[in-house]
Amino acid sequence: MPRYLVTSALPYANGPIHFGHVAGAYLPADVYVRYLKMAKGPENVLYVCGTDEHGVAITLKAEQEGVGYRAYVDRWHSEIRSLFDRFGIEFDTFSGTSRCAFHADASRKFFSVLLERGFVFAKTEKQWFSEQSARFLPDRYLQGGCPQCGFAKARGDECPDCGSWIDARELQNPVSLIDGSSPVLKATKHWFLDLPKLQQAGLDSWYRGNDENHPVHPWKPNVQGHVQAMLRDLHARPITRDLPWGVKLPEGLEGAEGKVLYVWFDAPIGYISATMEWAAAQGTPDAWMDWWQKEDTRLVHFIGKDNIAFHVVVFPSMLLGQEDAWQGKPFVMPWAVPANEFYNLQGRKFNTSSGWYLDNDSFFAQYNPDAARFHVLMSAPETADSEFSWPEFQVTNNNLLADKVGNLASRVLKFLDKRFGSCVPEVAKEPTAAILAVRGHQALQDADAAFAAIAGFLENFEFRKATQHLIAGCTALNQFFDAMEPWIKIKGSQAGDWECCVETLERCVAYLELLSRRIAPFCPTTAGKLRNMLGAVAETHVASAWGEENVAQAPATLPAGLRIGNVEMLFLKIEDEQISAEIAKLEASASAAAE
RNA sequence: GGGGGAAUAGCUCAGUUGGUUAGAGCAGCGGAAUCAUAAUCCGCGGGUCGGGGGUUCGAAUCCCUUUUCCCCUACCA
């Protein structure tokens with residue numbers, strides 16, 4: 001049995017996260033993890049995340065606000081966590097690169113090993129330095145004349161006018177965007193990750209799936225295209241910076257004074273250090289190695305498309321370059337990188353400062369988090385950018401979740417409540433042809449097939465299809481209930497009617513129990529509610545077990561006499577007025593921000 | 001400037017290695033039913049698969065070209 005080590009991109013502790021982030025890297029991962037824990041056993045799955053808390057952008061914003069770096073990232077760390085909590089996203093551990101006690105040492109060791117083994121080299125170059133702020137200036141924070149076209153307000157990395165790529169040192173009369181001063185060129189030593197060398201050392205072979213020790217799940221088109229192009233022309237990347245905030249370089253390294261690891265270098269190591277922290281908290285400090293160094297671990301990185309290069313090229317190279325330096329064993333390599341595209345909001349990008357966002361407090365005060373989860377998954381940006389739209393959210397909530405799923409539970413369980421004293425009736429011991437026809441009805445076979453397909457879609461990162469099949473299963477059960485007409489059969493005008501009615505109800509209740517487990521990864525709270533409604537019926541199977549995975553099999557006959565619980569509504573409807581109010585609110589906040 | 005992804009019905013999307021009259025949901029129209037959150041179920045209409053060219057007996061699918069949108073290009077999923 002392989003074990004699954006699942007990560008979601010470390011959110012950058014420099015601002016709020018929104019539905020777009022959730023749709024891309026967090027919710028799919030949470031559903032995947034919940035499913036795996038049910039299907040493979042919780043001991044075989046670990047879900048790791050945390051905030052990315054270093055980098056120049058954080059230092060600048062904190063300084064602007066006059067807050068210490070520590071306090072600044074702490075605030076965003078808890079802010080970010082609270083949105084995950086509201087969405088019901090449950091990590092096994094959620095740490096942060098500046099708060100994890102293992103992070104700095106692990107990052108430095110990564111760096112030192114790469115240096116020792118010749119995968120990192122040093123080079124001294126001239127960079128713009130602001131004497132006023134006593135700091136080196138990142139290219140993006142410089143403005144000056146474009147050496148190509150002369151445009152006066154070119155940035156240090158790119159000219160917005162002619163689009164050409166600029167070597168910051170050639171920028172004419174540069175000005176610091178941070179303090180407005182004129183910087184001077186000053187020599188500084190930096191260390192570079194030798195990606196071409198690591199490419200030869202095994203990255204290529206792993207990426208192409210030729211490394212039998214490190215198998216890969218087939219790449220998604222967006223990942224494959226991007227990475228193939230990158231591998232054709234790989235360059236060394238600098239992995240150090242002149243900054244006061246971050247992971248300091250190892251001691252005793254010449255020229256390392258005042259320098260830290262580049263945030264993109266230390267961030268992915270956060271996955272590992274967070275696992276170390278988790279293991280230590282469990283009282284088994286070495287247990288992290290079981291996850292990161294055992295060959296049968298499947299390492300899965302959920303990310304957004306902007307992060308592909310780092311998770312398919314840079315981080316795997318860093319892992320590869322560690323060779324046998326950690327207790328003599330190599331690290332596992334990523335097994336799958338299900339990168340998603342971007343999730344927008346009604347035609348535009350989510351953007352807090354321009355007022356185009358959803359207010360999380362207000363959203364979760366009014367709407368069912370499970371409905372939000374289901375809708376976001378159903379419209380997830382798997383192959384192309386997609387969006388959250390209020391009218392579509394209403395359709396998912398009302399027409400699918402309330403009418404198809406919730407109402408199915410209602411109509412079946414209320415029928416049982418009114419006609420059978422809330423107990424599962426006893427089915428005929430020797431089924432007649434008519435009863436066998438009920439039991440083998442095409443609609444039930446359709447439901448079996450739909451529910452059985454969900455596992456495969458989830459394992460293949462096809463979350464949209466998984467949600468569609470969950471609904472398809474419920475549609476089939478509605479069809480079955482309609483076709484069997486138990487409300488007519490119960491009047492028993494013909495011989496055998498009563499037995500068919502009993503059989504129909506027994507089947508429906510058994511399938512509701514199955515549904516409560518199939519819906520659990522998507523809508524965990526609703527699954528629990530449904531199981532409460534099922535009362536003693538729910539006890540026929542363990543809530544946390546997926547059961548038969550890929551076999552389309554009808555649930556076993558329920559013992560007679562099991563008592564169901566109180567019937568509730570699983571999903572409440574959203575009124576048209578609410579939707580138009582939300583749209584008006586969104587437009588008002590956008591135009592307010594525009595002024 | 002370089003690289004990548006996407007474009008299919010009014011809307012949101014499926015279409016596996018090229019193979020019968022291109023499918024589903026929503027919206028629209030009609031019907032059945034009344035157990036249920038007026039919830040369900042059945043039926044119907046609707047598309048020169050972004051444009052142009054090519055390969056092929058056969059292309060939404062492969063190749064070339066072009067248009068539009070998005071992303072990456074060294075610190076926003």
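## RNA contacts and salt bridges

In this predicted model, a backbone N or O atom of Asp 403 lies 3.1 Å from a sugar or linking oxygen of RNA strand B. Two further polar contacts involve the strand: a polar side-chain atom of Lys 305 is 3.0 Å from a sugar or linking oxygen, and a polar backbone atom of Tyr 343 is 3.3 Å from a base nitrogen.

There are 61 residues around RNA strand B, and Gly 20, Asp 306, Asn 407, Lys 414 and Asp 482 come nearest. By class, the residues of this surface comprise 23 nonpolar, 18 polar and 20 charged. Helix 12 gives the most, with 13 residues. Elements that each supply at least two residues include helix 1 (19-40), strand 13 (297-304) and helix 15 (463-484). Of the RNA atoms within 4 Å of the protein, 69% belong to sugar or phosphate, and the rest to bases.

The whole structure holds 27 salt bridges. The table gives some of them.

| Salt bridge | Closest N to O distance |
|---|---|
| Asp 30 and Arg 34 | 2.8 Å |
| Glu 53 and Arg 99 | 2.7 Å |
| Arg 507 and Glu 506 | 2.8 Å |

Salt bridges with shared partners join Asp 30, Arg 34, Glu 90 and Arg 373 into one network. Asp 30 and Arg 34 are both buried. Because they are four residues apart in helix 1, about one helical turn separates Asp 30 from Arg 34.

Glu 53 lies in the loop between strand 2 (45-51) and helix 2 (56-65), and Arg 99 in the loop between strand 3 (93-96) and helix 4 (103-116), so their salt bridge ties together parts 46 residues apart in sequence. Glu 53 is buried at 0% relative accessibility, whereas Arg 99 is partly exposed at 28%.

Notes
Residues are numbered from 1 along each chain as its sequence is written. Chains are lettered from A and ligands numbered from 1 in the order in which they are written. This is a predicted model: local features need pLDDT of at least 70, side-chain atom pairs count only at pLDDT 80 or more; totals for chains, interfaces and linings use all residues. Side-chain values use heavy atoms; hydrogens and water are left out. A residue is near a molecule or strand if one of its heavy atoms lies within 4 Å of it. A polar contact is a pair of N or O atoms within 3.5 Å; within protein, one must be able to donate a hydrogen and the other to accept it, and residues adjacent in sequence count only if both atoms are side-chain atoms. Ala, Val, Leu, Ile, Met, Phe, Trp, Tyr, Cys and Pro count as nonpolar, Asp, Glu, Lys and Arg as charged, and the others, Gly among them, as polar. A salt bridge is a side-chain nitrogen of Lys or Arg within 4 Å of a carboxyl oxygen of Asp or Glu. Buried means under 20% relative accessible area, exposed over 50%, partly exposed in between (1.4 Å probe, protein chains only).
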